[in-house]
Amino acid sequence: VVTKLGGKAWHTLRVVNIANTIIDSDDSIIWDFMRTKQKGRYEGSEMNPIYADICIASCLLHDIFSLCEGLEWRDNKHRGMDKNHPYYHRTELEELAKRFLSPSVWDLMLYAIESHMWKWSPQPEIIPRRTSMLSMSSVEDAYNFSEMYRVIEVVHIADLLAAQKEFAGF
């Protein structure tokens with residue numbers, strides 16, 4: 001029984017809310033200021049709905065292993081955030097992911113989760129760089145990279161903003 005929400009739960013809710021706002025900003029529907037009346041459409045930059053779902057799922061899972069006190073593979077004296085927490089999802093959730101997700105969806109979720117700490121990651125070399133698009137061999141490869149990068153960027157930016165005091169009430 002949940003009696004109260006802790007800091008990580010509030011942070012995760014903020015991450016999801018911010019990610020939804022970022023994703024919604026790319027929606028093709030133009031609403032009035034009160035979001036009660038559709039004023040028009042602006043096609044072409046909206047996020048693929050599957051990628052939007054991957055963003056939200058990645059946001060929900062991104063920090064689940066950050067404070068893993070009490071699990072057999074964790075040191076019970078550990079306090080604070082485990083800097084390697086983005087990399088536990090690959091092994092700890094692998095069997096569950098195999099049952100419910102396609103390999104391509106799981107890979108993109110892992111990429112977003114493992115990249116969410118961005119330059120503060122203990123493995124910054126795995127994080128994709130926007131400039132990687134320049135070396136793509138085809139326009140299709142560059143487009144696919146940009147779609148993947150967009151998912152990673154939404155998760156990272158939502159997490160970064162949610163961690164800021166200014167966004168605590170978001």
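## How the helices of this chain pack

Of the 170 residues in the protein chain, 36% count as buried. Keep in mind as you look around that this is a predicted model. The protein chain exposes about 11000 Å², and carbon and sulfur atoms supply 58% of that area. Among the contacts in the protein chain with a separation of 6 or more, 59% are between residues 24 or more positions apart.

What does the chain contain? There are six helices and two strands. If you follow the sequence from its start, the pattern reads α-β-β-α-α-α-α-α.

Now let us turn to two helix pairs, both of which involve helix H6. Two packed helices are described by the angle between their axes and the distance between the axes. Here are those values for each pair.

| Helix pair | Angle between axes | Distance between axes |
|---|---|---|
| H1 (residues 7-25) and H6 (residues 139-162) | about 130 degrees | 8 Å |
| H5 (residues 103-115) and H6 | roughly 40 degrees | within 8 Å |

Let us take H1 and H6 to begin with. Their axes pack at an angle of about 130 degrees, and that makes H1 oblique to H6. The crossing of H1 and H6 is right-handed. Which residues meet here? From H1 come His-11, Arg-14, Val-15, Ile-18, Ala-19, Ile-22 and Ile-23, and they meet Val-154, Ile-157, Ala-158, Asp-159, Leu-161 and Ala-162 of H6. Sorted by class, the contact of H1 with H6 has 10 nonpolar residues, one polar residue and two charged residues.

The other pair is H5 and H6, whose axes cross at roughly 40 degrees. H5 and H6 are therefore oblique to each other, and their crossing is right-handed. On the H5 side, the contact is made by Leu-108, Tyr-111, Ala-112 and Ser-115. On the H6 side, Met-148, Val-151, Ile-152, Val-155 and His-156 take part. By class, the contact of H5 with H6 has seven nonpolar residues, two polar residues and no charged ones.

One residue of this contact is worth finding in the structure: Ser-115, which lies in helix H5. Is Ser-115 buried or exposed? Its relative accessible area is 0%, so Ser-115 is buried. Which residues does Ser-115 touch, leaving aside those up to four places away in sequence? They are Ile-127, Pro-128, Ile-152 and His-156. Of these, Ile-152 and His-156 also appear on the H6 side of the contact with H5.

Notes. Residues numbered from 1 in each chain as written. Predicted model: local features only at pLDDT ≥ 70, side-chain atom pairs only at ≥ 80, totals over all residues. Heavy atoms only, no water. Axes fitted to C-alpha atoms, helices over the stretch in contact; angles between N-to-C directions. Helix = DSSP H or I, 4+ residues; strand = E, 2+ residues; numbered from the N terminus. Parallel < 35°, antiparallel > 145°, perpendicular 65-115°, else oblique. Left-handed = near helix turned anticlockwise from the far one by under 90°. Contact = heavy atoms within 4.5 Å. Nonpolar A, V, L, I, M, F, W, Y, C, P; charged D, E, K, R; others polar. Buried < 20%, exposed > 50% of the residue type's maximum accessible area, 1.4 Å probe, protein only. Areas by Shrake-Rupley, 256 points an atom, 1.4 Å probe, with all protein chains shown as cover.
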